[in-house]
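Thanks for coming. I will take a few minutes to walk through one structure, beginning with a single residue and working outwards.

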Amino acid sequence: MEDTSTRSESESPPEEPADPASDGSGDPDAETENGGSRPTASDGASEDETDIEALRERVESEYDFDDFGPSDMAQMSAEEWDAAFDPDTWITGDRLLDRVDAELKSRIATRDVFGVLERVREDGEERILVYSDEGYAIIRPTGEVRGEGTVLRDIEPVVALAAMDSYEVPEPPDDWSLPHPDSVPEGSGEFGNLVIQVVAAIQVLAGIALLVASAVADLGTIVAPAMGIVFLLVGGFLFAMVANARLSDRFRSEEYRDRLRALREAKERPEFVPVEDGVVTDEAPDESDRGRDG
């Protein structure tokens, strides 16, 4: 029997090789097949930034932010909104309130927004209040808007635009407030109505001339009488369109005057506006409470 105790150290079993992962030289994932390094987290971040930039460019080309309204806001997805309005570049604080104040005054002057604008306070900070007979909106320095009704839908896109540093806020006119009810004209676009009436009159005269010529000269063709009838129909349609436009303008103007009178005759703000003595209260009355009060 062989004495194993006399075996030399050189004949001992070879040692196990060290873990190739310990020095990183044998990691198959450390390098790609062509010798390149593994993609890092920074590469993924740069790809995300590229995607956001591409989405922002698409949003800016698709939407007109100089004429941005509630309908555009409703069409925007959450990703498009985050891409277009980067929170890191938003304007906040007193500067935002001043920009919103100027923008709203300009829109009230051009009748894009119907409402009364006031400066109120809440928790010791200044707020902007806009209200009408159909709702209200309260704007905070952070850009948050709360309220209800058509006023809220009109104010939200205004605040979003004013918060963008790239948007130029127009200078409001000196007399920006809502007009007096008696100063509202019956309608607008009289020049356009006059042009359409002239065209309609020409169509009617041409139709009558063709019909008379066909009857007197006995042209022996049906083309002239047919064209005369067509001209008469076109002229009558244009006259009817002008009459309908004037009637619609008259109704809209009367409705606008009634709303102005209601705001002027009211001795205080509507009950649904949560403001008392220039201070914002916690909550507005519930819809059910207002319904019972009415």
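Start with Glu-103, which is buried, with a relative accessible area of 3%. One thing to keep in mind throughout is that this is a predicted model.

What does Glu-103 pair with? Its salt-bridge partner is Arg-107, and the closest N and O atoms are 2.8 Å apart. Both residues sit in helix H5, and because they are four residues apart there, about one helical turn separates them. Arg-107 is buried as well, at a relative accessible area of 16%. The cut-off for buried is under 20%, so Arg-107 at 16% falls within it.

Now the helix around that pair. H5 covers residues 94-109, which makes 16 residues. From its first C-alpha to its last it reaches 23 Å, close to the 22 Å expected at 1.5 Å a residue. Is H5 largely enclosed or largely open? Twelve of its 16 residues are buried, so H5 is largely enclosed by the rest of the structure. The buried set includes nonpolar names you might look for, such as Leu-96, Leu-97, Val-100 and Ile-108. Charged residues are on the list too, among them Arg-99, Asp-101 and Lys-105.

Which elements cover those buried residues? The cover includes strand S1 (116-122), S2, strand S3 (135-139) and H6.

Take H6 from that list. Helix H6 runs over residues 149-162, 14 residues in total, and spans 21 Å between its first and last C-alpha, close to the expected 20 Å. Its buried residues include Val-151, Leu-152, Ile-155 and Pro-157. Further along H6, Val-158, Val-159, Ala-160, Leu-161 and Ala-162 are buried too.

Next, the end of H5. The helix is followed by Arg-111, whose phi is positive, near 70 degrees. In general, most residues other than glycine have a negative phi. Arg-111 is placed in the loop between H5 and S1, and at 43% relative accessibility it counts as partly exposed.

There is another positive phi further on. Asp-123 has a phi near 55 degrees, again in a residue other than glycine. Asp-123 is in the loop between S1 and S2, and it is exposed, with a relative accessible area of 73%.

That brings us to the strands, and to Arg-127. Arg-127 is found in strand S2, residues 125-132. Is Arg-127 buried or exposed? At 4% relative accessibility, it counts as buried. Leaving aside neighbours within four places in sequence, its contacts include Glu-118, Val-120 and Glu-122, along with Ile-138, Ile-139 and Pro-141. A polar contact of 3.1 Å joins its side chain to that of Glu-125. Arg-127 also forms a salt bridge with Glu-122, where the closest N and O atoms are 2.9 Å apart.

Glu-122 itself counts as buried, at 7% relative accessibility. What else does the side chain of Glu-122 meet in a salt bridge? The other partner is Arg-140, at 3.4 Å from N to O. Glu-122 lies in strand S1 and Arg-140 in the loop between S3 and strand S4 (145-148), so this pair ties together parts that are 18 residues apart in sequence. Arg-140 counts as partly exposed, at 22% relative accessibility. Through shared partners, salt bridges join Glu-122, Glu-125, Arg-127, Arg-140, Glu-144 and Arg-146 into one network. Over the whole structure, a search finds eleven salt bridges.

One item from the surface. Phe-191, Val-195 and Val-199 make a nonpolar surface patch of about 290 Å². Val-195 is in helix H7, residues 190-217, and counts as partly exposed, at 40% relative accessibility.

Last, the overall picture. The protein has nine helices and six strands. Of its 294 residues, 29% count as buried. The accessible surface comes to about 19300 Å², and 52% of that belongs to carbon and sulfur atoms. Among contacts with a separation of 6 or more, residues 24 or more positions apart account for 59%.

To recap the two places we spent most time on: H5 is largely enclosed, with twelve of its 16 residues buried, and Glu-122 and Arg-127 belong to one network of salt bridges that share partners. That is the end of the tour.

How values were computed:
Residues are numbered from 1 along each chain as its sequence is written. This is a predicted model: local features need pLDDT of at least 70, side-chain atom pairs count only at pLDDT 80 or more; totals for chains, interfaces and linings use all residues. Side-chain values use heavy atoms; hydrogens and water are left out. Patches are made of residues with over 30% relative accessible area and no salt bridge: like charges are joined within 9 Å, nonpolar side chains (Val, Leu, Ile, Met, Phe, Trp, Tyr) within 5 Å. Accessible areas come from the Shrake-Rupley method with a 1.4 Å probe; for residues, only the protein chains shown count as cover. A salt bridge is a side-chain nitrogen of Lys or Arg within 4 Å of a carboxyl oxygen of Asp or Glu. Buried means under 20% relative accessible area, exposed over 50%, partly exposed in between (1.4 Å probe, protein chains only). A polar contact is a pair of N or O atoms within 3.5 Å; within protein, one must be able to donate a hydrogen and the other to accept it, and residues adjacent in sequence count only if both atoms are side-chain atoms. Contact means heavy atoms within 4.5 Å. The expected span of a helix is 1.5 Å times one less than its number of residues.
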